[in-house]
Amino acid sequence: KRQALADHGVTLAETVKTARAVPYGTSDRLDRALSDRPESPHQYMTARLALSPSGRRRSHELIAKLADEFDARGRMRLVAAYETVVGDRNELTDLWVLDRLGDLGYRAGGPNPLVEELRLVAPEESLEYVNPLPWSPLR
């Protein structure tokens, strides 16, 4: 099967990581997301940030502030966050639940000074939108 896929230009890849929770990725945030049972499934977003070598601590502080600010606005909430400890040690991953879908287009900067400061210590970010499977506790 793998060869048949490769013959059609499709490749399979798997990434395995060992990670640990970061200080702002609290169990309270996760518990709140797990206890939320909306009528229709939520939309989630995974953000992976490539940190500058000295930017880990500052990125934790900034994302914690952003998570609190976003939560207060009711647009999106942090569910979980972790940093890679085996593999690319300069990678930070956040899982967010989107409570209100607005413009999902990428914006390099923006009016939020916290995001602008975050770009100094985490200059690269990739976003993936995630739909939970029917049996996921994060529906």
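**Note on helix α3 and its salt bridges**

1. In this predicted model, R73 has a relative accessibility of 48% and therefore counts as partly exposed, since that class lies between the buried limit of under 20% and the exposed limit of over 50%. The side chain of R73 meets that of E69 in a salt bridge, with 2.6 Å from N to O, and E69 is likewise partly exposed, at a relative accessible area of 27%. The two residues are four apart in helix α3, which means that about one helical turn separates them. As background, an α-helix has 3.6 residues a turn, so residues three or four places apart point the same way.

2. Helix α3 itself covers residues 56-73, and its 18 residues reach 26 Å from the first C-alpha to the last, close to the 26 Å expected at 1.5 Å a residue. Just after the helix, G74 takes a positive phi of about 75°.

3. Which residues of α3 are buried? They are R56, S59, H60, L62, I63, L66, A67 and F70, and the buried residues of this helix pack against two other helices, α2 (27-35) and α4 (113-121), as well as against the strands β2 (43-50), β3 (76-86) and β4 (91-98).

4. A further salt bridge of α3 involves D71, whose side chain meets that of R32 at 2.5 Å from N to O. This pair links distant parts of the chain, with R32 in helix α2 and D71 in helix α3, 39 residues apart. R32 is partly exposed, with a relative accessible area of 38%, and D71 also counts as partly exposed, at 27%.

5. R77 forms a salt bridge with D36, and the closest N and O atoms are 3.0 Å apart. R77 lies in strand β3 whereas D36 lies in the loop between α2 and β2, so the pair ties together parts that are 41 residues apart in sequence. Here R77 is buried, with a relative accessible area of 9%, while D36 is partly exposed, at 26%.

6. For the protein chain as a whole, the count comes to 11 salt bridges. The mean positions of its 20 positive and 21 negative charges are 1 Å apart.

7. Finally, the protein chain has four helices and five strands, which run α-β-α-β-α-β-β-α-β from the N terminus on. Of its 139 residues, 33% are buried, and among contacts between residues at least 6 apart in sequence, 79% join residues at least 24 apart.

How values were computed:
Residues are numbered from 1 along each chain as its sequence is written. This is a predicted model: local features need pLDDT of at least 70, side-chain atom pairs count only at pLDDT 80 or more; totals for chains, interfaces and linings use all residues. Side-chain values use heavy atoms; hydrogens and water are left out. The expected span of a helix is 1.5 Å times one less than its number of residues. Buried means under 20% relative accessible area, exposed over 50%, partly exposed in between (1.4 Å probe, protein chains only). Contact means heavy atoms within 4.5 Å. Lys and Arg count as positive and Asp and Glu as negative; His and the chain ends are not counted. The place of a charge is taken as NZ of Lys, CZ of Arg, CG of Asp or CD of Glu. A salt bridge is a side-chain nitrogen of Lys or Arg within 4 Å of a carboxyl oxygen of Asp or Glu.
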